[in-house]
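Q: Please take a close look at one helix of this model, and explain how its two sides differ and what lies against it.

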Amino acid sequence: MRTPRNLARLLHRSMSHKAKGGIMKLILAIIKPFKLDEVREALTGLGIAGMTVTEVKGFGRQKGQTEIYRGAEYATNMVPKVKIELVCDDALAPRVVETLQQSAGTGSIGDGKIFVLDVGQAVRIRTGETGEAAL
């Protein structure tokens with residue numbers, strides 16, 4: 001039961017966890033779809049145990065693409081991409097970003113973006129484990 005006292009204890013544990021250097025990072029990467037297998041293998045080699053992958057569409061400087069359908073050329077506004085979401089230890093985050101850049105990069109426009117955000121808490125639903133143990 002979540003009483004104010006229990007919530008205060010949970011908040012205190014969360015804050016002391018951060019003070020001990022247990023900060024985690026959420027890394028979001030938008031990449032070209034054909035690079036997914038290469039990226040997954042590279043991240044697995046770093047020790048990343050799990051990630052979420054979503055097929056997405058969007059545009060940036062690339063501004064869409066031109067396609068030919070039944071002999072007619074037309075422009076699409078959205079470019080298919082893959083979004084990878086993963087949470088890792090703060091100390092591992094720079095290596096994850098570097099690995100993403102190396103494995104997802106082609107050197108051409110539209111390679112994608114990487115975003116790194118702080119994560120305050122993670123909880124494994126099945127066991128109730130928190131922090132890095134929940135990853």
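A: A residue is called exposed here when its relative accessible area is over 50%, and buried when that area is under 20%. In this predicted model, the helix to consider is H2, residues 36–46, in which Val39, Leu43 and Leu46 are buried. These three residues lie on the same side of H2, because they cover an arc of only 45° around the axis. The general background is that an α-helix has 3.6 residues a turn, so residues three or four places apart point the same way. On the face of H2 turned away from that buried side, one finds the exposed residues Glu41 and Gly45. Just after the helix, Gly47 adopts a positive phi of about 105°.

As for what lies against H2, the cover over its buried residues includes strand S1 (24–31), strand S5 (79–89) and helix H3 (93–104). The packing can be followed further into the largest nonpolar core, which has 16 residues, and in which Leu43, Leu86, Cys88 and Val96 touch the most other members. Two or more residues of this core come from each of S1, H2, S5 and H3. Seen from Val96, and setting aside its neighbours within four places in sequence, the contacts include two residues of the buried set of H2, Leu43 and Leu46, together with Ile27, Ile48, Leu86 and Cys88.

Strand S5, one of the elements covering H2, also holds Lys81. Lys81 is buried yet has no salt bridge, since the nearest side chain of opposite charge, that of Asp111, is 6.8 Å away, whereas a salt bridge calls for a distance within 4 Å. A polar atom of the Lys81 side chain does, however, lie 2.4 Å from the backbone oxygen of Gly110.

Key:
Residues numbered from 1 in each chain as written. Predicted model: local features only at pLDDT ≥ 70, side-chain atom pairs only at ≥ 80, totals over all residues. Heavy atoms only, no water. Buried < 20%, exposed > 50% of the residue type's maximum accessible area, 1.4 Å probe, protein only. Arc of directions from axis to C-beta. Contact = heavy atoms within 4.5 Å. Lys, Arg positive; Asp, Glu negative; His and termini not counted. Polar contact = N/O pair within 3.5 Å; in protein donor to acceptor, adjacent residues only side chain to side chain. Core = buried A, V, L, I, M, F, W, Y, C linked by side-chain atoms within 4.5 Å.
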